[in-house]
Amino acid sequence: MQTTKTINLKSRPVGKPTLSDFEFTTSEVLKLKDGEVLLSTRYVSVDPYLRGRMSDAPSYIEPFQVGKPMASGIIAEVIESKHNDFKAGDFVSGMMPWKETQVLKTDGLIKVDPDKAPLSAYLGILGMTGLTAYFGLTDIGKPKKGETLLISGAAGAVGSVVGQIGKILGLRVVGIAGSDEKIEMLTSDFGFDAGINYNTTDNMVKAIGQACPDGVDVYFDNVGGEISDAVLFNINKFSRTINCGAIAVYNNTEAPKGISPQPFLVKNSASMQGFIIFDYVERHPEGIKQLAEWLQQDKLKYTETIREGFDNIPQAFMDLFEGKNKGKMVVKV
């Protein structure tokens, strides 16, 4: 009998998740049926949005159930197959439970080619991360050459790609991150024009004004909270704000208090729109094609923080909220 480890949601977090909110169990691997594949997990994506799924509040995606497995984007190897389109040795990407080994139907599984890009890239630059950056910036941000793009959470997986796409499209790009090391990475490695370390800045309104002397035309918001409040004082006429994430408030136990954006939006005839990548499912092939082209042309770079070991998945996830990642956080199993 073959067994596998599983990571379940043990309890719903209050504030920041802790290791006690997760539970490791061992169970039998089911026997393979026609149309199914036996998969061995190779890489696991951990992402801030998973925090929302650990709560039972209504959201755009079903919450995790207590006592049931956590799940996220995973790259797995096909060990055995009873489906004509998949064979042993294939690698696939998809949303899967946090299990070392599992039997699944093939619905939602996409083959990935390790010869075209490293396997982990299909969880990042060529996966949900890259697609989020691409569609958020181009479809909602509607950038025009010569405009100023400001990005919060700029050293993260999505933010670092947004900035590079901005440079490809001819924008002036400014990133906000939490350390001098991250700012150096943004400007040296990813071609950002300037950066702001929010941890050493007393006045974010002033700092944004100095880094964006012509104002902010497009704001890609990954964090929410006080940083995004400060951006409102610097937006231009007809500016566009893309609400991608709000990691600064995900762990709040009380309703966040902040500046009302309506007066700023009205005064500047500005727009603010939230989105999720699942809004663009039908256009994913278009996005992947463009991202792969830029990657092959060396116009896009990406960075990863890779932790090792199935047992370290919960800690890697929690480290996201401490800013311990550069770029995409992935766990190699």
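## Around helix H3 and beyond

Helix H3 is followed by Gly 170, whose phi is positive, near 85°. Helices (H or I, at least four residues) and strands (E, at least two) are DSSP runs here, numbered from the N terminus. You are looking at a predicted model, in which local features need pLDDT of at least 70 and side-chain atom pairs count only at pLDDT 80 or more, while totals for chains, interfaces and linings use all residues. Residues are numbered from 1 along each chain as its sequence is written, and side-chain values use heavy atoms, with hydrogens and water left out.

**The helix itself.** H3 covers residues 157-168, twelve in number. From first C-alpha to last, H3 reaches 17 Å, close to the 16 Å expected at 1.5 Å a residue (that rise times one less than the number of residues). Ten of the twelve residues are buried, so H3 is largely enclosed by the rest of the structure. Buried here means under 20% relative accessible area, exposed over 50%, and partly exposed in between (1.4 Å probe, protein chains only). The buried residues run from Ala 157, Val 158, Gly 159, Ser 160 and Val 161 through Val 162, Gly 163, Gln 164, Ile 165 and Gly 166. Their cover includes two helices, H2 and H8, along with strands E8 (148-152), E9 (172-177), E11 (216-221) and E15 (328-332); contact is heavy atoms within 4.5 Å.

**Two more positive phi values.** Neither of the next two residues is a glycine. Lys 142, in the loop between H2 and E8, has a positive phi of about 45°. Phe 238, which sits in strand E12 (residues 235-243), has a positive phi of about 65°. The side of burial is clear for Phe 238: at 52% relative accessible area, this residue counts as exposed.

**Aromatic pairs.** The structure holds eight aromatic pairs. Rings of Phe, Tyr and Trp (its six-membered ring) pair if their centres lie within 6.5 Å; planes under 30 degrees apart are stacked, over 60 edge-to-face and the rest tilted. In one of them, Phe 22 and Phe 317 have ring centres 6.3 Å apart and planes at 80°, so this pair is edge-to-face. Phe 22 belongs to strand E2 (residues 22-28) and Phe 317 to helix H9 (residues 313-319), so the pair ties together parts that are 295 residues apart in sequence. Phe 24 and Phe 310 also pair edge-to-face, at 6.4 Å centre to centre with 75° between the planes. Phe 24 is again in strand E2, whereas Phe 310 lies in the loop between strand E14 (304-308) and H9, so here the linked parts are 286 residues apart in sequence. The table gives the accessibility of these four rings.

| Residue | Relative accessible area | Class |
|---|---|---|
| Phe 22 | 6% | buried |
| Phe 317 | 0% | buried |
| Phe 24 | 38% | partly exposed |
| Phe 310 | 4% | buried |

Elsewhere, Tyr 134, Phe 135, Phe 275, Tyr 280 and Trp 294 form one aromatic cluster.

**A pocket and a cavity.** On a 1 Å grid over the protein atoms alone, a cavity is a set of points where a 1.4 Å probe fits but cannot get out, and a pocket is an open set with protein on both sides within 12 Å along at least five of seven lines; lining residues have an atom within 4 Å of a point.

The second largest pocket holds about 860 Å³ of space, the volume being that filled by probe spheres set on points joined across faces, edges and corners. Of its 31 lining residues, Ser 93, Ile 110, Leu 126, Gly 127 and Ile 288 are the closest to the centre. Strands E5 (91-97) and E7 (110-112) and helices H2 (128-141) and H8 (284-296) each supply at least two lining residues. H8 gives the most, with seven. By class, this pocket's lining has 17 nonpolar, eight polar and six charged residues (Ala, Val, Leu, Ile, Met, Phe, Trp, Tyr, Cys and Pro are nonpolar; Asp, Glu, Lys and Arg charged; the others, Gly among them, polar).

There is one cavity of 30 Å³ or more, and the largest cavity contains about 70 Å³ of space. Among its 13 lining residues, Gly 124, Ile 125, Tyr 302, Thr 303 and Lys 328 lie nearest the centre. Here we meet H3 again: this helix provides the largest share of the cavity lining, three residues. Five of the cavity-lining residues are nonpolar, six polar and two charged.

**One last residue.** Ile 183 has its place in helix H4 (residues 180-188) and is buried, at 11% relative accessibility. Leaving out residues up to four places away in sequence, Ile 183 touches Gly 175, Ala 177, Gly 195, Ile 196 and Asn 197. Ala 194 is eleven residues from Ile 183 in sequence and 8.0 Å away in space, C-alpha to C-alpha.
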